[in-house]
Each structure stands twice: as C-alpha cells, then as structure tokens.
Amino acid sequence: MMRIDILSAVPELLESFVSHSIVGRAVKEGQVDIRLHDLHDYGLGRYRQIDDYPYGGGAGMVLRPEPVARWIEQLQSERDYDEIIFMTPDAPVLRQSTVNELVLKKNLIIIAGHYKGLDQRIRDRYVTREISIGDYVLSGGELPAAVLTDAIVRLLPGVLNDETSALTDSFQNGLLSAPVYTRPLEFKGMKVPDVLRSGNHAAIEKWREEKSYEKTRRIRPDLLDEE
Ligand code: ADE
C-alpha cells in the first residue's frame, strides 16, 4: 500500500482533508496510508521552537533545520522513502505528468513549509523534489500538500470507479476535457448538442476531440506548444 507522510506546523489543517471525500474513502478502504505529523513534536527546547530569524536580516521567520531533519531521519530509520517532496512556490509547477510519475512510488514524504521558508540546508541535503502548485503565494504549504496528495491518491488503483475514471480527465491526453451535459435536454433555451444524443459513438468521439482541441487552443494554447 502507498504511504504518504506529511509534515506541517499546522497538521490540523489537513485532518478533514484526509478523512473525507475520495481521499478519505481511499484511506478507509486501505488503498493509501496517510500520516500527518506536527513539526512542533520535533521542536527545540522547552518551547518546542521550530523557526528563527533569517541570517542576513529581512522579513519573516525561517523554519530551523534541526526539527525537520530529526523528523526525516526518524522516518527514514523506519522505512525507505522514494521521494522527499517540499511544497514551495519557488519550484517547478505541478503537472499531471509529475502526478502520473509519483503515483507509481511506494513511500512519499511531503513537507508543507510555513513562514518565510525552510532553511536551505534541508533542501540541499534531504529534499529530492520541490513542487509549486502555481504562480501565486499561499500562506502555508498545507493546501499545496493537500492538492498534491489528492492528485496522487485519485490515481491509485481502485480509488476511482468507471464513472469517475481518470482516463478522460483534462491533461491526461495533453488537452483540456470536452464540455459535458446531462438532463434536461433544454435548459433556459440552451439545448444539448444533437451529436451527443445520436448514439453514434464514432461521431461522439470525433466531436469530443474537436471540442477538446478547440477549447485548448482558445484558453490554454501553451499546452499545444509542448512536445
Ligand atoms: N507554499 C506557498 N505557496 C505555495 C505554492 N504556490 N505552491 C507550493 N507551496 C506553496
């Protein structure tokens, strides 16, 4: 079973995420083992200190290396980890291809940063992959860690069923998904495209491909430039 260990200074933020919805169900059904860890448990001294002022001055606090290192080494003494991932905005942006790669791993560590950042020496010594979830800054790495975990877990075998299949997701073929419709046939004067009711599977497939391509060219032309 895949195991994901997530380190955070505010693990409470992730509790509801790992116990509800598709991820929660996957945990309950034993398709993934997700462990939340509180960085304060590895903090320094009586006040369980986890951060400090940046050398060289500047705004914000930096996570000290010792608590993070202690936590990582503790876990590594218990099992082998395939990747130690740090969620941070100064990193390559997450793509479906990265998720497809990570879902094949067995044990993952995800570090959710906080404050102004994480002492560079942890990144240099332990981290094997750094991931941003987009070109904007959040106040902590918990939501990014949840985003990455969700994207991975839904691809694990048995987590999605036929109806929620990942095969027709946007990005799985490098394009955005085609529009979808359900009942009623007519809504506020807008009709469902005839082809979707034709029963002609080849025509429906062709229509979806065309819509996918047209939509991608219109709103994400950058995706068409790749490869
Ligand atoms: N932490 C803060 N902002 C982030 C982002 N955009 N991606 C990953 N981690 C982050």
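**Notebook: ligand site, helix α6 and a pocket**

I began at the ligand and found one of its nitrogen atoms 3.2 Å from a polar backbone atom of G134. A reminder to myself before going on: this is a predicted model.

Next I looked for other backbone partners of the ligand. A polar backbone atom of T88 is 3.2 Å from a ligand nitrogen. For I133, I read 2.9 Å between a backbone N or O atom and a nitrogen atom of the ligand.

Then I listed the surroundings. Around the ligand I found M87, T88 and P89, then I131, S132, I133 and G134, and further along the chain Y136, V137, L138, G140 and P144.

P144 caught my eye, as it is also among the buried residues of α6, so I turned to that helix, which covers residues 142–153. How far apart should its ends be? At 1.5 Å a residue, I expected the twelve residues to span 16 Å, and the end C-alpha atoms are indeed 16 Å apart, so the two agree.

I also asked how many residues of α6 are buried. Nine of the twelve are, so the helix is largely enclosed by the rest of the structure. Besides P144, I noted E142, A145, A146, L148, T149, A151, I152 and V153 as buried.

Last, I checked the largest pocket, which holds about 480 Å³ of space. It is lined by 18 residues, and T168, D169, S177, A178 and R208 come closest to its centre. I sorted the lining by character: seven residues are nonpolar, six are polar and five are charged.

Key
Residues are numbered from 1 along each chain as its sequence is written. This is a predicted model: local features need pLDDT of at least 70, side-chain atom pairs count only at pLDDT 80 or more; totals for chains, interfaces and linings use all residues. Side-chain values use heavy atoms; hydrogens and water are left out. Helices (H or I, at least four residues) and strands (E, at least two) are DSSP runs, numbered from the N terminus. The expected span of a helix is 1.5 Å times one less than its number of residues. Buried means under 20% relative accessible area, exposed over 50%, partly exposed in between (1.4 Å probe, protein chains only). On a 1 Å grid over the protein atoms alone, a cavity is a set of points where a 1.4 Å probe fits but cannot get out, and a pocket is an open set with protein on both sides within 12 Å along at least five of seven lines; lining residues have an atom within 4 Å of a point. Grid points are joined across faces, edges and corners, and a volume is the space filled by probe spheres set on the points. Ala, Val, Leu, Ile, Met, Phe, Trp, Tyr, Cys and Pro count as nonpolar, Asp, Glu, Lys and Arg as charged, and the others, Gly among them, as polar. A residue is near a molecule or strand if one of its heavy atoms lies within 4 Å of it. A polar contact is a pair of N or O atoms within 3.5 Å; within protein, one must be able to donate a hydrogen and the other to accept it, and residues adjacent in sequence count only if both atoms are side-chain atoms.
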